Amino acid sequence: MNILVLGGTGRVGSQIVILALQDKHHVTVLVRTPEKIQIDNDHLTIIQGDVLNKEDVVRSMQGIDVVISALSTDGGTTLTESMPHIIEVMVNEGIKRIITIGTAGILQRRTSPDLLRYQSSESKRKLTRAAEEHHKVYDLLKQSSLDWTIVCPTYLPDGEPLGEYRVERDFLPEDGVKIHVPDTAEFTYKQITSNVFIKSRVGIAY
């Protein structure tokens, strides 16, 4: 399978790249700083560019089967500025499947399911800017014709993979307080061959 990983130098994205290469998939990464990719592998293609530049996105999607976006908010509007390009190019190239990393803030609130967690006291975060960015991406994907899945981890520290975690469609698993980066990467990567959570958000926690 030909997989494009966006955000491939980040904490989750870099681990997804490793998992895909271990399974002998062909992996393409679009990165601003290629030197950050310290992997020598015949199945890896590194394209220098910026996800905010539509031409770079077009170059990165040639022959791609699945897109995985582990892009962060980057302290700004990277997500909301890049997603329209990503969706448009995917549609033009006939690529249907995209899996993205979101945040537990855009899952439904249990006590008031008409609200998202970040819009209520259920979320512990005081600042909502990142969640608002992810919310806009969720809306863009919902309006698209793509087969999307948004993986929504709660507090995401580095740590050893535990190999056991809980997932739930549209909600954060009850009393879930954290999920380590490697387990988030593993679950996200597994979605390339799963149809269970198509057109869904999925909460993940221990």
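## The sheet

In this predicted model, eight strands make up an open sheet with mixed pairing, arranged in the order 3-2-1-4-5-6-8-7. Strand 3 (44–48) and strand 7 (166–169) are the edge strands, each pairing on one side only. On average, neighbouring strands of this sheet are turned by 20° against each other, with direction ignored.

Within the sheet, strand 5 (97–101) and strand 6 (residues 147–153) run parallel and are joined by five bridges. Ile101 stands opposite Val151 of strand 6.

## Helices on the sheet

Helix 3 (78–93) packs on the sheet and touches strand 1 (2–6), strand 4 (66–69) and strand 5. The direction of helix 3 makes about 160° with that of strand 5.

Helix 4 (129–142) lies across strand 5, strand 6 and strand 8 (200–205). Relative to strand 6, helix 4 runs at about 160°. Strand 5 is thus named among the contacts of helix 3 and also among the strands that helix 4 lies across.

## The cavity

How many cavities of 30 Å³ or more does a search of the whole structure find? The search finds one. The volume of the largest cavity is about 50 Å³.

The lining of the largest cavity consists of Ser69, Leu79, Met83, Thr100, Ile101, Gly102, Ile106, His134, Val137 and Ile150. Helix 3, strand 5 and helix 4 are the elements that give two or more residues to this lining. Ile101, which stands opposite Val151 in the sheet, is one of the lining residues. By character, the lining divides into six nonpolar residues and four polar ones, with no charged residue.

## Salt bridges

The count of salt bridges comes to nine, taking a side-chain nitrogen of Lys or Arg within 4 Å of a carboxyl oxygen of Asp or Glu as the criterion. One pair is formed by Glu168 and Arg110, whose closest N and O atoms are 2.7 Å apart.

Which parts of the chain does this pair link? Glu168 belongs to strand 7, whereas Arg110 sits in the loop between strand 5 and helix 4. The two residues are 58 residues apart, and the pair links distant parts of the chain. Strand 7, which holds Glu168, is one of the edge strands of the sheet.

Methods. Residues numbered from 1 in each chain as written. Predicted model: local features only at pLDDT ≥ 70, side-chain atom pairs only at ≥ 80, totals over all residues. Heavy atoms only, no water. 1 Å grid on protein atoms, 1.4 Å probe; cavity = no way out; pocket = protein on both sides within 12 Å on 5 of 7 lines; lining within 4 Å. Points joined across faces, edges and corners; volume = space filled by probe spheres on them. Helix = DSSP H or I, 4+ residues; strand = E, 2+ residues; numbered from the N terminus. Nonpolar A, V, L, I, M, F, W, Y, C, P; charged D, E, K, R; others polar. Pairing = 2+ DSSP bridges. Axes fitted to C-alpha atoms, helices over the stretch in contact; angles between N-to-C directions. Contact = heavy atoms within 4.5 Å.
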